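Please open the model in your viewer and keep the sequence panel beside it, since each stop below begins with a selection. The tour moves from confidence to a contact between chains, and then to single residues and helices.

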Amino acid sequence: MTIDRRTFLKTAAGIGAAAALPMPFVRTAGAADTIKLAALYDLSGGLEVSGKPMLDTLNYAVGEINAAGGLLGKQVEVVTYDTQSAMQMYGQYAQQAALKDRVAVVHGGITSASREVIRPVLDKYKTLYFYDTPYEGGVCDRNIFCPSTTPGQTVDKLVAYALKKFGKKVYTLAANYNYGQITADWVKKYAKDGGGEVVGTEFFPLDAADFSATISKIQAAKPDWVMAVLVGGGTISFYRQFAAAGLGGKIGVASTTFGGNGEQLVLSPKETDGIAVCYNYMETIQNPENAKFLDGFHKKFGAKYTPLYELPMSSYQGVHLWAAGVRKAGSTDRMAVIKALETGIAIDMPSGKVTVDPTTHHCILNVYLAEFHDGGPKVVQDFPQQKPTDTEAVCNLKDHPNDRKQYVIKV
Amino acid sequence: MIAQVSALLRGHAGTTALALVGLGLLFGLPLGLETYVLLQVTVYVTFAILALSLGFVLGFGGILCLGQSVFFGLGAYTYGIAVTDMGDSTIPVLLSVAVPSLFAAALGYFIFWGRISDVYVGVITLTVSLIFFSVVNSTAGPQYHIGAAAIGGYNGMPNIPGINLPFEPDDTLDPNGVFYLTMGSLLVCYFGLRWLLTTTFGRVVVAVRENERRVELLGYDARRYKLLALTLGAAIAGLAGCLFANWGSFVGPSVFSVVQSAQILIWVTVGGAGTLLGPVIGSILISWLTAVLGTQQTLNASLVLGFILLVFVLVVPGGIAAVARRARTAAARLGAFGAARRIGREAHPGARP
Amino acid sequence: MAWAGIISIDFLYAVASLILVSLGLAVIFGMMRIINLAHGEFLVLGSYAAILSSHAGVNIWVACLIVAPLAVGMIGFVIERLLIRHLYGRLVDTMLATWGLSLFVVGLLTTVFGNDTQGVSAPLGPIHIGDYQASGYSLFVIGLALVVLAAVYGVLRFTRFGLFARGTMQNADMAAALGVHVSAVYSTTFALGAGLAGLAGGVLAPVTGVFPSIGGAYIGKAFITVLSGGSAILAGTSSASVLLGAVDQIGTFATNAVFGQVGLLVAAVVLIRFMPQGITSRFFRRSL
């Protein structure tokens with residue numbers, strides 16, 4: 001990260017001003033002629049790597065909207081909160097956004113844990129919420145929209161492809177929280193459906209950095225390929241140690257997370273060649289919206305920006321979906337926007353067409369299967385307009401508009 | 001004039017004044033503050049209770065507990081699990097104080113009857129917090145549940161029901177009620193501890209901190225006093241945990257983390273170990289600062305907190321409380337000088353309750 | 001048979017990395033009775049030094065084995081002069097101050113490098129044992145741990161600085177009376193400990209990715225290993241590393257990495273409870 005003098009001075013002055021106010025009245029109220037949008041992301045601490053690009057794409061989307069004249073004749077103002085990778089800050093700032101800053105919508109939350117902290121708060125204080133992150137599926141709540149993917153949209157394709165390409169025996173390594181646990185269950189199901197078999201599953205805390213014992217265990221289990229559902233700063237260590245033991249090329253690797261945090265930039269192409277992934281977005285997709293988006297984004301943030309994947313793209317899509325809802329409703333009122341979005345609004349995004357599914361508040365979108373070669377993903381196959389089949393099986397907000405929970409989907 | 005005020009502050013009148021300020025805040029703040037600010041103040045007050053617990057254990061018991069977060073976390077999880085299973089919050093609240101106390105009693109027995117002292121107590125308590133963190137952090141699978149309450153691993157337990165009026169599960173406290181409960185708890189804990197320190201028990205606890213061997217030679221069993229001090233601290237930390245889980249309707253394994261323990265230690269250090277008011281003030285200041293730091297993106301929060309801790313250890317040992325005391329003593333001297341010229345005798349600075 | 005070979009490499013690697021990670025902390029604690037809670041950040045600084053210099057074109061071996069320890073050793077020297085010096089004899093305050101330092105360094109590294117994971121590839125290829133494969137770099141780490149142990153022993157046992165240092169450790173006042181420049185011994189020792197931490201960070205950089213807060217993953221283990229080992233620097237660290245490394249590996253292979261780690265922690269707590277001054281208070285008592 002680099003700080004230029006101007007932002008430093010601005011922020012320093014800001015802190016000075018904030019500190020001069022009597023606590024805890026930290027923020028001055030914004031002018032009433034803007035529409036406020038809250039961004040709750042981890043911009044420091046362990047999840048900073050994910051949070052920073054999400055905030056950048058969110059700001060970029062808001063910039064586009066404002067440059068085109070804003071919404072309902074007003075400019076959109078982003079109120080940013082750094083949740084510092086701490087759950088308690090999510091609770092604190094969600095309250096602040098809803099009650100003090102009275103924002104029209106909250107975008108944010110990275111881990112499922114943070115979403116489950118924010119969601120009840122925003123339900124309680126009646127503030128619209130967009131959770132712009134690929135996750136394990138099952139959230140069923142009329143106040144929330146999830147403009148990204150769930151395992152039912154991506155993992156099935158990835159497993160089918162790897163079974164065909166690498167072989168029938170798979171060993172799963174997953175992050176030890178509900179995203180990893182539930183995704184590991186889906187891997188088991190899809191592997192069985194495709195005539196394959198899971199020969200081992202292991203869960204890791206998010207700070208795991210030593211995989212040497214695991215690599216020995218993998219060799220003992222003799223799988224054809226490894227499914228990596230790893231999350232956290234230490235995941236690079238797995239790919240590195242796997243390659244250092246000479247297993248790259250011998251045992252295939254597929255991943256639901258690889259590349260999302262720029263892992264391929266740290267690792268050498270030799271260590272990453274052949275890793276299979278399946279995402280809603282990667283920069284190598286060819287379409288006019290994407291070309292235009294990349295051009296503008298790189299002009300603003302520099303051409304060397306870490307390649308974007310579905311995580312930051314979800315923030316971008318989330319903001320545009322919300323804006324489309326506001327335009328259609330002609331108001332920023334929560335229920336009006338929800339009803340407008342529930343008409344099944346569709347917008348053309350860099351990842352292709354994104355349509356709100358009225359029954360689940362998830363999205364119908366394109367997914368792309370790719371393989372890493374020479375340090376970048378090469379698209380192998382695309383699957384247009386995939387429905388969130390997993391969440392669909394448990395959630396119907398049309399029939400049960402008062403649902404407020406996350407279902408655990410029976411795999 | 002200043003001399004009279006400071007004399008007042010030193011005597012019982014000081015306690016009374018402080019109690020009046022506390023009661024004023026208790027009943028005044030909900031009237032004057034909007035809901036959002038009141039919610040923020042509530043969480044700061046919760047942290048103040050937590051800071052108070054370590055302030056007592058470390059500052060008066062002389063026990064280097066680097067794992068105070070264990071008791072905090074146990075309180076929070078006990079409340080979360082019990083209230084999810086029972087529905088009514090009365091017994092869960094009591095359990096959230098009882099479980100950490102019992103655990104502290106067992107841990108204290110293990111530590112103090114092994115004649116383990118200072119830094120090794122720190123290592124063991126820190127290690128225990130690491131154990132809790134690792135274990136709770138890896139309970140994400142559906143097989144880990146107590147009754148209907150899933151422990152949830154890294155994700156923690158969301159949607160924890162709030163505290164209700166005793167045995168009236170439908171009367172959940174509103175934000176004002178939660179504030180009354182939290183602020184009331186702080187006042188009870190603070191004045192309870194102040195009273196305790198004037199009793200024989202309290203004096204022996206402080207004597208053990210000062211010179212363990214001498215206390216033993218006088219016929220007291222130092223181990224018992226340390227055990228009781230640790231257990232009492234754990235009970236208060238457990239209460240804070242319960243209030244914390246209630247405040248956010250959420251608890252996650254980070255309550256057990258080393259970072260959480262470090263936070264508590266920073267509050268106590270900045271406020272001033274060896275006093276009770278210091279940690280309370282330290283916790284509120286630092287929590288507020290952390291929240292301010294989160295609304296800007298230039299200065300990294302841990303950079304600032306680390307710097308503050310360094311400055312306080314190196315330049316301001318004794319924390320804010322010591323600075324205030326020095327200022328008061330200096331003022332008293334000045335005042336006493338004037339008074340001495342008038343009535344011809346020296347004031348008696350320095351004594352404190 | 002091949003499986004047993006792989007398992008033993010994993011076990012030896014676990015022990016060797018524990019030794020490397022803890023040794024710097026052990027030197028500082030054993031000699032100066034200071035618990036440096038910024039030890040994890042010293043390791044991270046070593047990793048960054050190695051990675052940055054190797055990206056700048058320095059040979060990877062030079063970057064890991066020479067640049068990293070020298071850079072962190074110098075940083076340690078400066079920190080001793082600025083901070084630690086004022087806190088001798090105040091054990092708890094040193095812990096607090098170094099904890100503050102640790103937070104500060106994490107914040108600084110995040111501000112300068114961002115929170116992205118950085119790294120370099122391991123410079124050695126795989127080795128084959130029967131059907132199984134392991135990283136050749138693991139073997140190198142095992143060998144290096146032995147070399148470092150021998151080197152520290154040599155310095156303490158056979159050099160003039162080692163003699164002064166051991167004297168200061170036993171009785172600082174007496175050493176000062178006999179003309180040893182105690183404060184110089186302290187600052188050199190602290191720099192040596194920091195340098196060893198930097199070396200460990202440099203050597204582990206090609207194995208794990210590096211990001212500012214990864215030090216937290218090391219400090220707990222190092223701290224516990226050193227205190228369970230006791231005051232004898234080499235014997236204590238080695239014996240505790242073997243014992244705790246074994247518990248960790250057995251737990252990891254029997255269940256998973258988390259329970260390996262938890263087993264290590266529980267073992268350490270029990271060990272300290274029954275031998276409050278560490279393993280070397282009862283065994284290897286007269287060793288270094």
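Colour chain A by pLDDT (the predictor's confidence in each residue, from 0 to 100): its average is 88, and 92% of the residues score at least 70. This is a predicted model, in which local features need pLDDT of at least 70 and side-chain atom pairs count only at pLDDT 80 or more, whereas totals for chains, interfaces and linings use all residues. Residues are numbered from 1 along each chain as its sequence is written, and chains are lettered from A and ligands numbered from 1 in the order in which they are written.

Within chain A, the lowest confidence falls in helix 1 (residues 5–20), with a mean of 45, and the highest in strand 4 (residues 128–130), at 97; helices (H or I, at least four residues) and strands (E, at least two) are DSSP runs, numbered from the N terminus. Select residues 1–31 of chain A, where the pLDDT is below 50 and where the model nevertheless has 29 contacts beyond near neighbours in sequence, two residues being in contact if their C-beta atoms, placed from the backbone, lie within 7 Å. Chain B averages a pLDDT of 87, with 91% of the residues scoring at least 70; its residues 344–353 have a pLDDT below 50, and this stretch makes 15 contacts beyond near neighbours in sequence.

**Between chains A and C**

Next, display chains A and C together: 32 residues of chain A and 36 residues of chain C take part in the contact. On the side of chain A that touches chain C, helix 2 (48–67), strand 8 (197–204), helix 7 (212–221) and helix 8 (235–244) each supply at least two residues. That side of chain A comprises 14 nonpolar, 12 polar and six charged residues, where Ala, Val, Leu, Ile, Met, Phe, Trp, Tyr, Cys and Pro count as nonpolar, Asp, Glu, Lys and Arg as charged, and the others, Gly among them, as polar.

Now narrow the selection to helix 7 of chain A and helix 1 (residues 2–32) of chain C, which pack at an angle of about 170 degrees with their axes 10 Å apart. Axes here are lines fitted to C-alpha atoms, for helices over the stretch in contact, and angles run from 0 to 180 degrees between N-to-C directions. The two helices are therefore roughly antiparallel to each other, a description used for angles over 145 degrees. Show the side chains of A:Ser212, A:Ala213, A:Ser216 and A:Ala220 on helix 7 of chain A, and of C:Trp3, C:Ile6, C:Ile7, C:Asp10 and C:Tyr13 on helix 1 of chain C, as these make the contact; they divide into six nonpolar, two polar and one charged.

**Two aromatic residues in chain A**

Is A:Tyr316 buried or exposed? This residue of helix 12 (residues 310–329) of chain A is buried, with 27 other C-beta atoms within 10 Å; the cut-offs are 20 or more for buried, 12 or fewer for exposed, and partly exposed in between, with C-beta atoms placed from the backbone. Leaving aside neighbours within four places in sequence, A:Tyr316 is in contact with A:Thr57, A:Leu58, A:Tyr60 and A:Ala61.

Move on to A:Phe166, in the loop between helix 5 (151–165) and strand 7 (169–175) of chain A, which is buried with 20 other C-beta atoms within 10 Å. Beyond its neighbours within four places in sequence, A:Phe166 is in contact with A:Asp224, A:Trp225 and A:Gly252.

**Loops of chain B**

Select B:Arg115, in the loop between helix 5 (90–112) and helix 6 (118–137) of chain B; its phi is near 55 degrees, a positive value in a residue other than glycine, and with 11 C-beta neighbours inside 10 Å it counts as exposed. B:Ser249, in the loop between helix 10 (222–248) and helix 11 (258–271) of chain B, is not a glycine either, yet has a positive phi of about 55 degrees; with 19 C-beta neighbours inside 10 Å, B:Ser249 counts as partly exposed.

**Two helices of chain C**

Finish with helix 8 (residues 182–204) of chain C, whose end C-alpha atoms are 33 Å apart, in agreement with the 33 Å expected for its 23 residues at 1.5 Å a residue, the expected span being 1.5 Å times one less than the number of residues. Of those 23 residues, 18 are buried. In helix 4 of chain C, 17 of the 23 residues are buried, so this helix is largely enclosed by the rest of the structure, and just after it C:Gly114 takes a positive phi of about 75 degrees.

Notes
Parallel < 35°, antiparallel > 145°, perpendicular 65-115°, else oblique.
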